[in-house]
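Q: Please take a close look at the sheet in this model. How is it put together, and what packs around it?

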Amino acid sequence: KGKKRYAKKGTYNLIIDQIEECGEGLIYQEFLKLKDKLSKEGLFDESHKKKIPDFCFDIGVITSKTADALFDIVSTISKRFPLINIKVYHSLVQGPDASKSLIKSLKEADEFNHDCLIMARGGGSFEDLNCFNDEKLARVIYNLNTPIVSGVGHEQDYTIVDFVCDKRAPTPTGAATIITQEKEVLFKTIELYQNKLSINYQANISLFEKKFSDELNRYGFRNFDNLIDKKINDLTLLYNKLISLSPINVLDIKIKDVTALEKRLELFNFNKLMFCFYSDAKAYMPTTSL
């Protein structure tokens with residue numbers, strides 16, 4: 001009673017003066033504007049992205065401690081490469097305070113020099129994931145010293161974080177897969193390098209053995225004793241020559257020469273004296289005639 005009744009299949013018209021986007025449509029437009037702005041600034045350039053290490057042994061995970069994403073990451077790493085040490089940095093991953101919480105956890109994790117970081121969260125609506133579209137958060141990620149992988153939402157979900165991180169994974173499980181090596185693959189790689197090292201080792205040993213054998217057969221080694229004797233004789237001759245030219249020997253020779261000269265002078269003076277004496281004596285001798 002009192003309610004208007006309308007005929008079946010009736011029609012009505014709406015006169016619209018103004019249309020404004022709201023809800024997810026407005027959020028998505030803001031996302032596109034921020035994406036375009038940061039892209040022009042170079043925050044998404046590949047040249048600025050850090051390489052994810054081939055082998056990570058210590059990682060930090062930024063997510064909620066109660067999230068399924070954390071369970072997926074830990075489970076995947078335990079199966080693929082259980083040697084990895086995992087440190088969890090608890091953060092809100094949804095709501096108005098989530099971006100600030102993520103920034104705080106990121107800065108804290110970056111100080112611990114992990115091999116790699118993972119920022120993760122499970123699936124949700126575009127509004128649920130909107131905290132990962134924060135401009136300040138994007139700039140903090142860009143300036144990190146530690147390589148970082150994003151694993152936010154599902155494969156079809158994209159956020160600003162995915163574009164600025166060094167690597168994007170479609171899911172938290174995918175992020176754990178990116179930073180780990182399969183055990184079997186790792187064992188095969190180790191075996192391959194062992195074989196290469198063994199082959200190179202044997203090749204080098206054979207090469208050195210050949211070089212050593214060639215050296216032994218050279219003239220110098222085959223006549224080693226003769227060469228040593230020759231060197232000893234050469235050194236002996238050189239030593240004797242040096243001794244003969246030493247100042248002491250030269251002085252001895254000079255002394256001997258002076259001594260011999262003195263003797264000659266003494267003999268010369270004696271002969272001269274005798275000659276004079278004989279001449280004087282002869283002058284006083286009487287002359288006899290036969």
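A: What follows walks through the sheet, strand by strand, and then through its surroundings.

The model is predicted. Its open sheet has five strands, in the order β2-β1-β3-β4-β5, with parallel pairing. The edge strands are β2 (85–90) and β5 (167–168), and each of them pairs on one side only.

Start at the β2 edge. β1 and β2 pair in the parallel sense over six bridges. Here Gly60 stands opposite Lys87 in β2. The connection runs through a helix: β1, α2 and β2 make a right-handed β-α-β unit. Helix α2 covers residues 68–80. This helix lies across β1, β2 and β3, and runs at about 160° to β1.

Next comes the pairing of β1 with β3. Strand β1 spans residues 58–63 and strand β3 spans residues 116–121. They pair in the parallel sense over four bridges. Ile62 stands opposite Met119 in β3. Leaving aside neighbours within four places in sequence, Ile62 is in contact with several residues of β3, including Leu117, Ile118, Met119 and Ala120. The contacts of Ile62 also include Tyr89, Leu102, Leu106 and Ala109.

Move on to β4. β3 and β4 pair in the parallel sense over five bridges. Leu117 stands opposite Ile148 in β4. Helix α4 (residues 135–142) joins in: β3, α4 and β4 make a right-handed β-α-β unit.

β4 is mostly covered, with five of its five residues buried. Both faces are involved. On one side are Ile148, Ser150 and Val152; on the other are Val149 and Gly151.

The far edge is β5. β4 and β5 pair in the parallel sense over two bridges. Lys167 in β5 is the bridge partner of Val149.

After β4 (148–152) comes a loop that leads to α5 (160–164), and Thr159 sits in this loop. Thr159 counts as buried because its relative accessible area is 1%, against a cut-off of under 20%. Beyond its neighbours within four places in sequence, Thr159 is in contact with Phe31, Leu129, Phe132, Asn133 and Val152. Val152 is one of the buried residues of β4.

Now the helix α3. Helix α3 (residues 98–110) has 13 residues. From first C-alpha to last, α3 reaches 18 Å, close to the 18 Å expected at 1.5 Å a residue. Its buried residues include Ala98, Leu102, Ile103, Leu106 and Ala109. Polar residues such as Ser99, Ser101, Ser105 and Asp110 are buried there as well. The buried residues of α3 pack against β1, β2, β3, α4 and β4.

That leads to the cores. In soluble globular proteins, nonpolar side chains tend to be buried together. Here the largest nonpolar core has 31 residues. Those with the most contacts inside this core are Ile62, Leu106, Met119, Phe132, Leu137, Ile141 and Ile148. At least two residues of the core come from each of α1 (24–41), α3, β3, α4, β4 and α5. The largest share, five residues, comes from α3. A second, separate core has 20 residues, among them Ala69, Ile73, Cys116 and Ala176.

Several names recur. Ile62 and Met119, opposite each other across β1 and β3, are both among the core residues with the most contacts. Ile148, opposite Leu117, is on that list too. Phe132 is another, and Phe132 is also in contact with Thr159.

Conventions: Residues are numbered from 1 along each chain as its sequence is written. This is a predicted model: local features need pLDDT of at least 70, side-chain atom pairs count only at pLDDT 80 or more; totals for chains, interfaces and linings use all residues. Side-chain values use heavy atoms; hydrogens and water are left out. Two strands pair if DSSP finds at least two bridges between them. Contact means heavy atoms within 4.5 Å. Axes are lines fitted to C-alpha atoms, for helices over the stretch in contact, and angles run from 0 to 180 degrees between N-to-C directions. Buried means under 20% relative accessible area, exposed over 50%, partly exposed in between (1.4 Å probe, protein chains only). A crossover is right-handed if, with the strands pointing away from the viewer, the path from the first strand over the helix to the second runs clockwise. The expected span of a helix is 1.5 Å times one less than its number of residues. A nonpolar core is a set of buried Ala, Val, Leu, Ile, Met, Phe, Trp, Tyr and Cys residues joined through side-chain atoms within 4.5 Å.
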